[in-house]
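Me: Please take one part of this model and go through it closely. I want the local geometry, the burial and the charged contacts, in that order.

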Amino acid sequence: MRRYRFVQADVFTEVVFGGNPLAVFPEADGLSDDEMQQIAREMNLSETAFVLHPTAKNADVRVRFFTPSAELPFAGHPSIGTHVVLASEGRYEITGPVTRIFQQIGVGVLPVDLITDGNGLTDRAVMT
């Protein structure tokens, strides 16, 4: 049996259980499209994010977003939440108060800025 770790995060809040919930699978390589959809259905959250190795040369990471019923080419709160989770796990080299990373998603490669507090903790992400 294969095992995949996930993190459940609350996005857009500083209050536990007060935000928009998100499941993030930080190491989802090897899952099929059908498996990702089945997992998202089982999680039963508005979105579940699956992090994969990028296929675009100018991307740091590839992320796929699924609702319980369909894949989305783009999703805002899952983008923000996914990258804060990945930063908290040390997946990015944080180079200052703002570190820009590039995510490959269904609509292309888009920038996300990771914002750190005064103690080096990445607690926010911003995207346009």
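Reply: Start with N44, which counts as exposed at 58% relative accessibility. The model is predicted, so read every value as computed from it. N44 sits in the loop between α1 and β3. Its phi is positive, about 60°, although N44 is not a glycine. In sequence, N44 follows α1. That makes the helix the next stop.

Helix α1 spans residues 33–43. Which of its residues are buried? They are M36, Q37, I39 and A40. The cut-off for buried is under 20% relative accessible area. Where do these four point? They cover an arc of only 160° around the axis, so they lie on the same side of α1. The general rule behind such a pattern is simple. With 3.6 residues a turn, an α-helix points residues three or four places apart the same way. Now turn the helix over. D34 and E42 are on the other side of α1, and both are exposed.

What does the buried side pack against? The buried residues of α1 pack against four strands: β2 (20–25), β3 (48–52), β4 (61–66) and β5 (71–72). Contact here means heavy atoms within 4.5 Å.

Next, the charges. Side chains of opposite charge can pair when their charged atoms come close. One such pair involves the helix. The side chains of R64 and D33 form a salt bridge, 2.8 Å from N to O. R64 belongs to strand β4 and D33 to helix α1, so this pair ties together parts 31 residues apart in sequence. Strand β4 is also among the packing partners of the buried α1 residues. Are the two ends of the bridge buried or partly exposed? R64 is buried, with a relative accessible area of 10%. D33 is partly exposed, at 46% relative accessibility.

Set the pair against the rest of the structure. A search of the whole structure finds six salt bridges. One of them is between R5 and E89, with the closest N and O atoms 2.8 Å apart. R5 lies in the segment before β1 (7–11), and E89 in the loop between α2 (76–88) and β6 (98–105), so this bridge ties together parts 84 residues apart in sequence. R5 is partly exposed, at 40% relative accessible area. E89 is partly exposed too, at 33%.

Another salt bridge joins the side chains of D123 and R124, at 4.0 Å from N to O. That value sits at the cut-off, since a salt bridge needs the nitrogen within 4 Å of the carboxyl oxygen. D123 is partly exposed at 42% relative accessibility. R124 is partly exposed at 46%. Salt bridges can also share partners, and in that way D33, R64 and E71 are joined into one network. The D33 and R64 pair seen above is part of it.

Last, a backbone check to set beside N44. F12 also has a positive phi, near 65°, and is not a glycine. F12 lies in the loop between β1 and β2. At 61% relative accessibility, F12 counts as exposed.

To recap the helix: M36, Q37, I39 and A40 are its buried residues, D34 and E42 are exposed on the other side, D33 meets R64 in a salt bridge, and N44 follows with a positive phi.

How values were computed
Residues numbered from 1 in each chain as written. Predicted model: local features only at pLDDT ≥ 70, side-chain atom pairs only at ≥ 80, totals over all residues. Heavy atoms only, no water. Buried < 20%, exposed > 50% of the residue type's maximum accessible area, 1.4 Å probe, protein only. Helix = DSSP H or I, 4+ residues; strand = E, 2+ residues; numbered from the N terminus. Arc of directions from axis to C-beta.
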